[in-house]
Amino acid sequence: MIKIILNLALFLVISSCSILNFWADDEENLEEPRPLVDIQSSVELDRSWSRNFNSDNELGNYRPGFSGEIILITSQKGELFRVDANRGNILQKDKLNHSVSVSNAVGFGKIVFADSKGSVHAYSLEDSSFLWSSNVGSEILALPAIDAKAVIVHTSGGELVALNPSSGEKIWTYRSQLPSLTVRGNSIPVVADNLVYATFDNGRIGVFDIGSGFSVWDGPISYKEGTSELENLIDADSSPVIEGGLVFATNFQGNLTAFDPSQRRAVWSTDASSFHSPLIIKGLIIVMNNDGSIISFSGQTLSESWTNEEYLRRGLSNAAEHDGNIVFGDIEGYLHVINPITGITIGRKKISSNPIRYVSSRGNQLFALDSDLRMIALD
């Protein structure tokens with residue numbers, strides 16, 4: 001069957017009950033983002049600089065890489081920028097010989113990105129000199145994962161490809177079974193202890209030996225339970241998270257599931273629907289659901305701690321930890337700060353007129369990228 005690609009924006013229409021709910025159903029427009037309520041702010045967000053790199057970042061597949069105090073980011077036009085993380089000054093701009101569809105992984109002396117034709121390109125982190133290119137045969141929408149033994153790429157065709165980090169030659173490949181209906185996007189592979197962890201469009205997680213591609217174990221994050229293809233859409237577009245001897249993974253219209261690698265099976269699961277990786281903070285597991293609800297679970301008991309539904313239908317970005325708090329963006333360009341223990345919003349700032357697609361924390365700074373690839377740095 002022909003694979004149908006659906007935009008993420010089609011799925012921001014789910015609603016549920018709330019603990020932190022201040023609205024009555026008959027007063028709320030369920031077609032619009034939930035209006036923000038006034039907060040008592042105890043955290044100030046100071047904008048230090050911003051810079052626009054002018055690319056379509058609607059999918060959030062452009063992200064910054066870091067090398068010391070330098071930010072590396074590529075634009076859709078094939079420009080590589082080195083930016084002073086503290087002041088936002090462009091220190092160097094290099095014109096690459098390729099367009100860029102996903103930007104950019106940094107590590108082990110390399111800058112790695114992909115173009116719209118399914119090719120992976122590696123450049124030197126030291127001087128931006130070209131190292132190698134390799135075509136993997138399918139569009140790439142997720143950042144590569146770089147390790148000393150391999151560069152791992154997840155393609156839109158459901159294939160996991162390991163490339164030689166020195167030459168770009170294929171070492172091994174694994175092809176997952178693609179469902180007929182899927183969401184546009186793919187998860188970023190995770191490398192830990194010589195193993196590659198990856199989630200797939202069929203709602204499963206797989207673990208592979210990085211050297212050989214041998215399948216160590218795999219399992220379902222959730223099972224199909226609907227009667228239609230749309231109801232059975234259980235894409236896993238978020239990276240797994242390894243914490244406390246467990247591996248946590250989420251998928252769309254599915255679950256948050258904890259796997260025990262020693263037992264090679266799932267040991268706990270609960271309803272969730274998320275395109276973002278869970279955030280582990282202060283012994284809690286935080287899930288940013290696609291409907292805008294945020295749920296917290298105890299890392300010890302795995303019981304639910306709190307639920308926040310102040311942000312329903314607000315198209316939330318990923319969540320990042322900063323100074324012990326949860327930080328995330330929304331579709332109206334706001335950045336929000338939540339206390340992870342209580343689930344209460346303790347800070348907020350509008351930083352863009354566009355949706356915030358990605359938030360990262362480094363040292364005492366926060367970095368946000370919006371849908372036009374404008375980077376905003378905050379202290």
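Is arginine 314 buried or exposed? In this predicted model, arginine 314 is buried, with a relative accessible area of 1%; buried denotes under 20% relative accessible area, exposed over 50%, and partly exposed the range in between, as computed with a 1.4 Å probe on protein chains only. Residues are numbered from 1 along each chain as its sequence is written, and side-chain values use heavy atoms, with hydrogens and water left out. Because the model is predicted, local features need pLDDT of at least 70 and side-chain atom pairs count only at pLDDT 80 or more, whereas totals for chains, interfaces and linings use all residues.

A search of the whole structure identified 7 salt bridges, a salt bridge being a side-chain nitrogen of Lys or Arg within 4 Å of a carboxyl oxygen of Asp or Glu. Side chains of opposite charge can pair when their charged atoms come close. Arginine 314 forms one such bridge with aspartate 330, with 2.9 Å between the closest N and O atoms. Arginine 314 lies in the loop between β27 (304–308) and β28 (319–322), and aspartate 330 in the loop between β29 (325–329) and β30 (334–338), so the pair ties together parts that are 16 residues apart in sequence. Helices (H or I, at least four residues) and strands (E, at least two) are DSSP runs, numbered from the N terminus. Both partners, arginine 314 and aspartate 330, are buried.

A salt bridge also joins arginine 314 to glutamate 332, the closest N and O atoms being 2.5 Å apart. This pair links distant parts of the chain, 18 residues apart, with glutamate 332 in the loop between β29 and β30 and arginine 314 in the loop between β27 and β28. Glutamate 332 is partly exposed, at a relative accessible area of 33%. Arg314, Asp330 and Glu332 are thus linked in a network of salt bridges.

A further salt bridge is formed by arginine 175 and glutamate 159, whose closest N and O atoms are 3.1 Å apart. The pair links distant parts of the chain, 16 residues apart: arginine 175 belongs to strand β14 (residues 170–175) and glutamate 159 to strand β13 (residues 159–163). Arginine 175 counts as exposed because its relative accessibility is 54%, whereas glutamate 159, at 9% relative accessibility, counts as buried.

Strands β17, β18 and β19 were examined next. Strand β17 (residues 195–199) runs antiparallel to strand β18 (residues 204–209), and 5 bridges join them; two strands pair if DSSP finds at least two bridges between them. The two form a hairpin with 4 residues between them, and glycine 203 in the turn has a positive phi of about 80°. Alanine 198 stands opposite glycine 206 in β18. Strand β18 also pairs with β19 in the antiparallel sense, over 5 bridges. A hairpin with 5 residues between the strands results from β18 and β19, with glycine 213 in the turn showing a positive phi of about 80°.

Glycine 206 stands opposite aspartate 218 in β19. Aspartate 218, located in strand β19 (residues 215–220), is partly exposed, with a relative accessible area of 38%. Apart from neighbours within four places in sequence, aspartate 218 is in contact (heavy atoms within 4.5 Å) with Arg204, Ile205 and Gly206. The side chains of aspartate 218 and arginine 204 are joined by a polar contact of 3.1 Å. A polar contact is a pair of N or O atoms within 3.5 Å; within protein, one must be able to donate a hydrogen and the other to accept it, and residues adjacent in sequence count only if both atoms are side-chain atoms.
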